[in-house]
Amino acid sequence: MKKSVGLALGGGAVLGAAHVGVLRALHEYGYQFTHISGTSVGSLIGALVAFGKDWKQIEEIALNLSWLQAARLRFSKLGLLSNERLGKSIREMIGDVAFDEAEIPLYMIATDIGNGDRVVLSSGDVAEAIMASTCIPGIFEPVEIDGRLLVDGGICENIPVQVLADAGVSPIMAVDLMSRHAHRRPKNIIEVLINSFAFTLSSSVKQVLDRKDVWIISPELSDYNTVETKQIPELIERGYQDALRQLEAWELKAGHSAT
């Protein structure tokens, strides 16, 4: 029996590969998604799902796509790298598409670097929105959309539950990559910035996660760092195994069984 939920995919850079394993587990347990939201790497994975890619196809993409290799050097006053190549890769994967063409309603979170506002992206060019949501400030050049300079949504809401709650979606399955990830001494500027995102999550996110209709899948990812792409196969498997354990516990408690 299919079980319908909204899906909120959090940020975490390379840890986002664990989302693929979670998607596999959710598929095996018969879940289907009524709405999808994503922050940072979660926006990329969410878009692939919303435009019809299954977990096997997304796994193949994850194993072959490096988000840093998708960047190019571009010296400017606002960032060292441009993620325009990421945008090109996205268009190759799902086409030059807009949000209203998605098979499943899709939302992404970015941050206005001019004033710190949380920005919900749900219309216009999908690849451009992903570029904005994944744009680590200081590393990547901000993406301008509708006159606003946008950067990584993890600064203001790393687990994009609120946008689904505001849309009346219930229940919500939220995938949290960071809360069980042991933060360690950073080895490079990217890890410095990603740790900063995790430390500055808004209190409003915690309040939403405490809602009874939000189910949280939180893989144990402390053995992995946020930048090494060689970990991707292990991250996918860890996401799958941890999600299976959590789903099994929920299903047994609810009296359901896997399909």
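**Figure 1. The whole chain, with its nine helices and 11 strands.** Helices (H or I, at least four residues) and strands (E, at least two) are DSSP runs, numbered from the N terminus. This is a predicted model, in which local features need pLDDT of at least 70 and side-chain atom pairs count only at pLDDT 80 or more, while totals for chains, interfaces and linings use all residues. Residues are numbered from 1 along each chain as its sequence is written, and side-chain values use heavy atoms, leaving out hydrogens and water. Of the 259 residues, 58% count as buried (buried means under 20% relative accessible area, exposed over 50%, partly exposed in between; 1.4 Å probe, protein chains only).

**Figure 2. Helix H2, a mostly covered helix.** H2 spans residues 41–50, and 10 of its 10 residues are buried. Among them are Val 41, Leu 44, Ile 45 and Leu 48. Just after H2, look for Gly 52, which takes a positive phi of about 95°.

**Figure 3. Helix H3 and its buried face.** Which residues of H3 (residues 55–64) are buried? They are Trp 55, Ile 58, Ile 61 and Ala 62. Seen down the axis of H3, these residues fall within an arc of 120°, so they line one face of the helix (the arc is that of the directions from the helix axis to the C-beta atoms). On the other side of H3, Lys 56, Glu 60 and Asn 64 are exposed. At the N-terminal end, Asp 54 caps H3, with a side-chain oxygen 3.1 Å from the backbone nitrogen of Lys 56.

**Figure 4. Ile 145 and its surroundings in strand E8.** This strand covers residues 143–145. Ile 145 is buried, with a relative accessible area of 13%. Leaving aside neighbours within four places in sequence, Ile 145 is in contact (heavy atoms within 4.5 Å) with Leu 121, Glu 128, Ala 129, Ala 132 and Leu 150.

**Figure 5. The one aromatic pair of the structure.** Trp 215 and Trp 250 form a tilted pair, 6.4 Å centre to centre with 50° between the planes. The pair links distant parts of the chain, with Trp 215 in strand E11 (residues 214–217) and Trp 250 in helix H9 (residues 232–254), 35 residues apart. Rings of Phe, Tyr and Trp (its six-membered ring) pair if their centres lie within 6.5 Å; planes under 30 degrees apart count as stacked, over 60 as edge-to-face and the rest as tilted. Trp 215 is partly exposed, at 30% relative accessible area, and Trp 250 is partly exposed too, at 27%.

Key
Polar contact = N/O pair within 3.5 Å; in protein donor to acceptor, adjacent residues only side chain to side chain.
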